[in-house]
Number of protein chains: 2
Amino acid sequence: MLARFSRLLRSRSLPFSTQSVPERLWKVGRLNHVAIAVSNLDEATKLYRDVLGAQVSDPMPQPDHGVYTVFVNFENTKIELLYPLGEKSPIEKFLQKNPSGGMHHVCLEVNDIKAAIESLQKHNVRPLNPEPKIGAHGKPVVFLHPKDCNGVLVELEEA
Amino acid sequence: MLARFSRLLRSRSLPFSTQSVPERLWKVGRLNHVAIAVSNLDEATKLYRDVLGAQVSDPMPQPDHGVYTVFVNFENTKIELLYPLGEKSPIEKFLQKNPSGGMHHVCLEVNDIKAAIESLQKHNVRPLNPEPKIGAHGKPVVFLHPKDCNGVLVELEEA
């Protein structure tokens, strides 16, 4: 009787100790970059390159994304300076609201963006697009709704 | 005559090739953290810990700084969640302006904060305090005026 109870306990306890925690199908990795929208790309580049002495890329037009980008490379991650390109730049409205510029979004790496989107939706964190797009680094990205992320625009990048 | 001219050229060229570029007395290193001010610390913690699956610290009261902090540790850097503590929290005004929360500042490491402040002032980048203070990590920090940094509040930390 005791042996049977012990077996039952073992078989019962399993689902609650190991099997009941579903294995996470995706995980978050590095903080890929912090994006800063600027109203003067030349001045912003000078601040990071000449004043702070950081290693800074040339400006790169990203016509698919409506921005110019300048990457400021730190030892562990980067700042991405964004400046509007074309008439319907996605950062135009942000710069109207913040004429001096400001922190625009933060980008986190995930190892499986589709699994991440599915899982986040279950937690009521809405992606701005149902499917990932190809981002400025040539990798799949998705933006999450700031209202679901404490007022912060969060980009996920598959890396 | 030619040898003398050559010598002159060599001696003249030195100041312009090596000696005229003053050696930088300080340098910028890692991006230490991105700080996010939140209006609900519990919800924000849940987003990063339970939804995104990141490693998250317990909330820590920082009475000297008027905030609670929660550190979200990524592989390469961290996000610092800030929530007001006490009546005169330095993030109170920011949260009034951004009731859902938002990106508050970015912190860059420097190897010599006093040399950095002196050098930045020469480039018209104003520190908010003339002398560094001891920050939430127990290290000397200084904030730079957002108007001098493309609308971004930049913290420097000696590390």
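This is a dialogue on reading a predicted model with chains A and B.

Biologist: What should I know about the model before reading it?

Modeller: The model is predicted: local features need pLDDT of at least 70, side-chain atom pairs count only at pLDDT 80 or more, and totals for chains, interfaces and linings use all residues. Residues are numbered from 1 along each chain as its sequence is written, chains are lettered from A and ligands numbered from 1 in the order in which they are written, and side-chain values use heavy atoms, with hydrogens and water left out.

Biologist: How are the two copies related?

Modeller: In general, two copies of a chain are related by a rotation about an axis and a shift along it. Here a turn of 180° and a shift of 0.0 Å along the axis lay chain A on chain B, with an RMSD of 0.0 Å. The two copies are thus related as by a two-fold rotation axis. The superposition is by least squares on the C-alpha atoms of residues with pLDDT of at least 70 in both. In chain A, Asn76(A) has the C-alpha nearest the axis, 2.9 Å from it. Both copies use the same surface: 100% of the contact residues of chain A recur in chain B.

Biologist: What is the area buried between chain A and chain B?

Modeller: The size of an interface is often given as the accessible area lost when the parts come together. Buried area is that loss with a 1.4 Å probe, summed over both parts. Here it is about 3,500 Å², and carbon and sulfur atoms give 68% of it. On the side of chain A, Leu52(A), Met103(A) and Asn150(A) lose the most area to chain B, together 21% of what that side buries.

Biologist: How many residues of each chain are in contact?

Modeller: Contact means heavy atoms within 4.5 Å. By that rule, 43 residues of chain A touch 43 residues of chain B.

Biologist: How many salt bridges and polar contacts cross the interface?

Modeller: A salt bridge needs a side-chain nitrogen of Lys or Arg within 4 Å of a carboxyl oxygen of Asp or Glu. The rule finds 0 across this interface. A polar contact is a pair of N or O atoms within 3.5 Å; within protein, one must be able to donate a hydrogen and the other to accept it, and residues adjacent in sequence count only if both atoms are side-chain atoms. There are 5 residue pairs in polar contact between chain A and chain B, both residues at pLDDT 80 or more.

Biologist: Which residues of helix H4 of chain B are buried?

Modeller: Helices (H or I, at least four residues) and strands (E, at least two) are DSSP runs, numbered from the N terminus. Buried means under 20% relative accessible area with a 1.4 Å probe, protein chains only; exposed is over 50%, partly exposed in between. In H4 (residues 113-122) of chain B, the buried residues are Ile113(B), Ala115(B), Ala116(B), Ile117(B), Ser119(B) and Leu120(B). Their cover includes H2 of chain A, plus strands E6, E8 and E9 of chain B.

Biologist: What marks the ends of H4(B)?

Modeller: Asp112(B) caps the N-terminal end, with a side-chain oxygen 3.3 Å from the backbone nitrogen of Lys114(B). Just after the helix, Asn124(B) takes a positive phi of about 60°.

Biologist: Is Ser89(A), in the loop between strand E5 and helix H3 of chain A, buried or exposed?

Modeller: Ser89(A) is buried, with a relative accessible area of 6%. Leaving aside neighbours within four places in sequence, Ser89(A) contacts Gly66(A), Val67(A) and Pro84(A).

Note on methods: Buried area is the accessible area (1.4 Å probe) that two parts lose on being put together, summed over both.
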